[in-house]
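Thank you for making time this morning. I would like to walk you through a structure that may be new to most of you, going from the overall picture down to single residues.

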Amino acid sequence: MSDTSETILLVEDNPSDVALTQRALQRASIASKLVVVEDGQEALDYLFGGGMHAGRDVSQLPALILLDLKMPKVDGLEVLRRIRANKHTRRLPVIILTSSKEEQDVAAAYDLGVNSYIRKQVDFVQFDTAMKLLGAYWQGLNEPPPKVRSQ
Amino acid sequence: MKGTTILLVEDTADDEYLVKRVFTKINLINNLFVVRDGAEALDYLFGTGAHANRDTTQMPAVVFLDLKLPKISGLEVLRRIRADERTKLLPVVILSSSQEEQDLIQSYSLGANSYVRKPVDFTEFTEAVQQLGFYWLLLNELPLPRRRE
């Protein structure tokens, strides 16, 4: 059985942001496997085994979700809402990673139970530093919730 | 926005000393406020008791919360933080030496943002405190404080 406990799920529709994040995580020697989905709907499909991810073993959940806010189809806040509403995923660590500067997005994300909210740094070096700290914190220091056992 | 203060709720003098040492080294010592039991943590946050004169519109950027505390336990403090409009969005990191899975589950269920086990090793503890300080003070974004109605 494949183990996805070291998987990071990146939900991001902008290809250059995906490339930037991939590169930063590699540079930071974050060994986790990065799974990229391009919009909120695909994120839900991946987590709950729908659509093109039908048949995926959904007992295998990522260790961490990096979630953009502004996305086609289903936006990041709605993805977060559904993650927190499902008993198998409600305690999954979710970090909003966005360029949104809107204060109401920050408040809404915390209200829905996000673990942390990170604003994307425009500067390359700063982004690398931020991702290094983010990776070290959530993949090293933080104690994740115990896996929810299949019923 | 970024916050300015970290509230450390810690009753073990050795751990308090270590955290202060690290924060001094990384120049964040002025951003650290320490209370030593659960009741004082609530007094600080809600401006009661010994902290009756504190300006409670100024909330910390994050609370580092031990679980085993005198007077009021860490989990009860967390429950009350999440139950109050003024603090329900406040990031709370459980910082505990507890190895019990039940503590982990309960902390996340009550809405802890993160759970960090205190490393026993001195060097690891130092690194952990550095990462905690940098992450929650410099990287994490906070919601604006709520205006009073």
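I will begin with the two chains as wholes, then turn to the nonpolar cores, and end with a few individual residues.

Please keep in mind throughout that what you see is a predicted model. Let me start with chain A, which contains five helices and five strands, and whose elements, when you read along the sequence, follow the pattern β-α-β-α-β-α-β-α-β-α. In chain B there are likewise five helices and five strands, and from the N terminus on they run β-α-β-α-β-α-β-α-β-α.

How do the dimensions of chain A agree with those of a compact globule? For 151 residues, such a globule would have a radius of gyration near 15 Å, and chain A, at 14 Å, agrees with that. Chain B, with 149 residues, also has 14 Å against an expected value near 15 Å, which again agrees. If you prefer to think in terms of a box along the principal axes, the C-alpha atoms of chain A fill roughly 45 × 35 × 30 Å, and for chain B the box is roughly 45 × 35 × 30 Å.

Turning to burial and contacts, 54% of the 151 residues of chain A count as buried, and in chain B buried residues make up 54% of the 149. Among the contacts in chain A between residues at least 6 apart in sequence, 64% join residues at least 24 apart, while the corresponding share in chain B is 66%.

As for the surface, chain A has an accessible area of about 7,100 Å², with 51% of it belonging to carbon and sulfur atoms, and chain B exposes about 7,000 Å², with 50% supplied by carbon and sulfur. Chain A carries 18 positive and 20 negative side chains, the centres of the two sets lying 5 Å apart, whereas chain B carries 18 positive and 21 negative ones, with centres 6 Å apart.

Which residues have the most contacts inside the largest nonpolar core? That core has 46 residues, and the ones with the most contacts inside it are Leu66(A), Leu134(A) and Tyr137(A), together with Phe64(B), Leu132(B), Tyr135(B) and Trp136(B). If we follow Leu134(A), and set aside residues up to four places away in sequence, we find that it touches several residues of chain A, including Leu64(A), Leu66(A) and Ile95(A), and also Tyr135(B) and Leu139(B). There is a second, separate core of 27 residues, which includes Leu47(A), Leu92(A), Ile96(A) and Val114(A).

Arg84(A) sits in helix α3 of chain A, residues 76–85. Beyond its neighbours within four places in sequence, Arg84(A) is in contact with, among others, Arg90(A), Leu92(A) and Val114(A).

Finally, I would point to two residues with an unusual backbone angle, given that most residues other than glycine have a negative phi. Asn27(B), in the loop between α1 (13–25) and β2 (32–35) of chain B, has a positive phi near 60°, and is exposed, with a relative accessible area of 67%. Lys71(B), in the loop between β3 (62–65) and α3 (74–83) of chain B, has a positive phi of about 70°. Is Lys71(B) buried or exposed? At 71% relative accessibility, Lys71(B) counts as exposed.

How values were computed
Residues are numbered from 1 along each chain as its sequence is written. Chains are lettered from A and ligands numbered from 1 in the order in which they are written. This is a predicted model: local features need pLDDT of at least 70, side-chain atom pairs count only at pLDDT 80 or more; totals for chains, interfaces and linings use all residues. Side-chain values use heavy atoms; hydrogens and water are left out. Helices (H or I, at least four residues) and strands (E, at least two) are DSSP runs, numbered from the N terminus. The radius of gyration is taken over C-alpha atoms; the globule rule is 2.2 Å times the number of residues to the power 0.38. Buried means under 20% relative accessible area, exposed over 50%, partly exposed in between (1.4 Å probe, protein chains only). Contact means heavy atoms within 4.5 Å. Accessible areas come from the Shrake-Rupley method with a 1.4 Å probe; for residues, only the protein chains shown count as cover. Lys and Arg count as positive and Asp and Glu as negative; His and the chain ends are not counted. The place of a charge is taken as NZ of Lys, CZ of Arg, CG of Asp or CD of Glu. A nonpolar core is a set of buried Ala, Val, Leu, Ile, Met, Phe, Trp, Tyr and Cys residues joined through side-chain atoms within 4.5 Å.
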